[in-house]
Each structure stands twice: as structure tokens, then as C-alpha cells.
Amino acid sequence: MPKTTGILIDLSGTIHIGDKLIGKSKEAIQKLNNAQLPYMFVSNTTKESKNSLHTRLNKLGLNIPKEKIFTSLTATYDYLARNSLRPYSLLSKDALLDFEDLPKEDPNCVVIGLAPEMFSYEEMNKAFQHVLNGCQIIAAHKARYYPAKDEVLRLGPGPFVSALEYACSKEAKVIGKPSPNFFQSALDILGNPDVSYMIGDCAKDDIEGSQRMGIHGILVKTGKYQTGDEDSSEKKPHFVAEDFSEAVEFILNQKM
């Protein structure tokens, strides 16, 4: 019986940066469609709701079905709902739309995503007080930095999560990449294929995290990639590609 293949694909820094597609990403996605290879976009994006992300990607001409997008906000919502948690949120206004139906009175957790407007001393101190009073720290993800629209690297939520952990002597629960549960949830949606790949621009969150799960990590030299990233961790990439298009060609060649 032929082995099944599934592909997990990062978005920001791999497919696009801001409102600009990277290389021939659109054509590469079409090649996956033509080859009928199952794939899922897995993103740590937390600045915007899933609806807003879906709309923005379609404006880029990608025409991605919403059900093919799995974000750390989606996974965070699932975790909160499953554990009856009431969040005090350090999230952007748009990201909060994904949490509208959750109770928020008398919070028992602090949720942090990428929300620069919420990282003032006043807001961080409110979060600090909640944690001191017993709230759990939940990080939608803990990325150190991300590529902005101008392709300049900017601080991610990770440094702010770490500041809260340090101040409170508590460890955050990290939901998104590189959490094993996040990768497994995405693979579950794909039907747990026999062979799986993860294509992304972050050696730590995309590649090291996936390789520890037995997923073949393909690092692309776009987005937040820095020279030498492929040698920066114990779990080396399965393959290093110049961009997403080359990564897709590599996978398609394995299927021949």
C-alpha cells in the first residue's frame, strides 16, 4: 500500500511577508494541488483573527480555503475552552475576535500573543498582578522575532512572555509552534499521514520543533532566516531550500 504524504506549511516569512508574496509561492501551491498532496497552513500569527488572515491571503490571490489554515490562536481558543479558562488577554483587538464567546470575568489565566499596543508598562503590570494572584500564563506562541512588512526583523511576543515568567517565577504554557501538541493537532486534521513535511523559515519553531516529532523539516532561506540558522540546533533540517518553491520541488521529487 503506498505511503500517504502530508505537508505542513508556515505562512509569514515562508509564503508571504506582509502583503507581498515571496517568489513563486502561488505557483508552488498550485503544484501541490495538481499533485493532490494534502497540506495545511500552520501559523503562529496572532496579530489578526483567522477571518482577517484568511481575507488577507485571498487578497494576495492565494484562494486558500479557511479550513486549510490552522493558527496558534485557534489552538489557544481550543485549549482555553477545553480547560474552562477565562482569559485576561494581551492580544490585538482583531485577534480578540477569535475569543468573543469565552467568559472573561474573574480571569484565571493571562493569554499573550503579538500585540505591540498591549506591551506598555501599564498593561504588562496588570498581567503581572493577575499572575501573582494565581493566573496561569498562556503564550499563543513564544517567537523571539518576526519579519515585518518592511522585511526588518521586529520583536515577537517571546521576550514579553519571558519577562512575565521571570517576574513571576512561573513558566508559561506555550500553545503554538514548536509545541508538539500543535504539530500533532495539524497532523490529525490531515489524517496522520505516513510521511510528513514541515516547510518554514524559523529553525527553532518550525524545523527543530517538527523534527522532534518525526516530521521532515525543510528550512527556507526567506523571512526570519539568518545565515547559519541550519546549524544552530541539534535537530538539523531534513533539507534547506532557497524558498518555498524549491521546497515544494524537493517534496515532489521524493514522490516520483
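Axes here are lines fitted to C-alpha atoms, for helices over the stretch in contact, and angles run from 0 to 180 degrees between N-to-C directions. Helices (H or I, at least four residues) and strands (E, at least two) are DSSP runs, numbered from the N terminus.

**Ground rules**

I am working on a predicted model, in which local features need pLDDT of at least 70 and side-chain atom pairs count only at pLDDT 80 or more, while totals for chains, interfaces and linings use all residues. Residues are numbered from 1 along each chain as its sequence is written, and side-chain values use heavy atoms, with hydrogens and water left out.

**Entry: H4 against H5**

I looked up helix H4 (residues 121-132) and helix H5 (residues 158-168), whose axes come within 10 Å and cross at roughly 45 degrees. That angle makes H4 oblique to H5. For the angle classes I noted that under 35 degrees counts as roughly parallel, over 145 as roughly antiparallel, 65 to 115 as roughly perpendicular and the rest as oblique. The H4 and H5 crossing is right-handed; the convention is that the near helix is turned clockwise from the far one by less than a right angle, and anticlockwise would be left-handed. I then listed the residues that meet: Met124, Ala127, Phe128 and Val131 from H4, and Phe160, Leu164, Ala167 and Cys168 from H5. Contact means heavy atoms within 4.5 Å. An α-helix has 3.6 residues a turn, so residues three or four places apart point the same way.

**Entry: aromatic rings**

I searched the whole structure for aromatic pairs and got six. In the pair Tyr39 and Phe41 the ring centres are 5.5 Å apart and the planes stand at 80 degrees, so I entered this pair as edge-to-face. The rule takes rings of Phe, Tyr and Trp (its six-membered ring) with centres within 6.5 Å, and calls planes under 30 degrees apart stacked, over 60 edge-to-face and the rest tilted. Tyr39 and Phe41 are both buried. For burial I use relative accessible area: buried is under 20%, exposed over 50%, partly exposed in between (1.4 Å probe, protein chains only).

Which residue lies over the face of Tyr39? I found Lys68 there, at 4.2 Å from the ring centre. A charge sits over a ring if NZ of Lys or CZ of Arg is within 6 Å of the ring centre and within 35 degrees of the ring normal. I also recorded one aromatic cluster formed by Phe70, Phe182 and Phe183.

**Entry: H7**

Helix H7 (residues 203-211) has eight of its nine residues buried, so I put it down as largely enclosed by the rest of the structure. The buried residues include Asp205, Asp206 and Glu208. Among the elements that cover the buried residues of H7 are helix H6 (180-189), strand S12 (195-200) and strand S13 (216-220).

From Gln211 I checked Glu234, which is 23 residues away in sequence and 10.0 Å away in space, C-alpha to C-alpha. Glu234 sits in the loop between S13 and strand S14 (239-241) and is exposed at 72% relative accessibility.

**Entry: strand S6**

I looked at two residues of S6 (residues 87-90), beginning with Ser89. Ser89 is buried at 14% relative accessible area. Apart from neighbours within four places in sequence, Ser89 contacts Leu96, Val111 and Met118.

Leu90 is in S6 as well, and at 0% relative accessibility it counts as buried. Outside four places in sequence, its contacts include Val111, Met118, Met124 and Ala127. The C-alpha atoms of Leu90 and Gly113 are 6.4 Å apart, with these positions 23 residues apart along the chain.

**Entry: backbone**

Most residues other than glycine have a negative phi, and most peptide bonds are trans. I logged a cis peptide bond between Lys177 and Pro178, with omega about 10 degrees. Pro178 is in the loop between strand S11 (173-174) and H6.

I logged a positive phi, near 50 degrees, for Asp106, which is in the loop between S6 and strand S7 (109-112). Asp106 is exposed at 59% relative accessible area. Asn192 also has a positive phi near 50 degrees. Asn192 is in the loop between H6 and S12 and is partly exposed at 42% relative accessibility.
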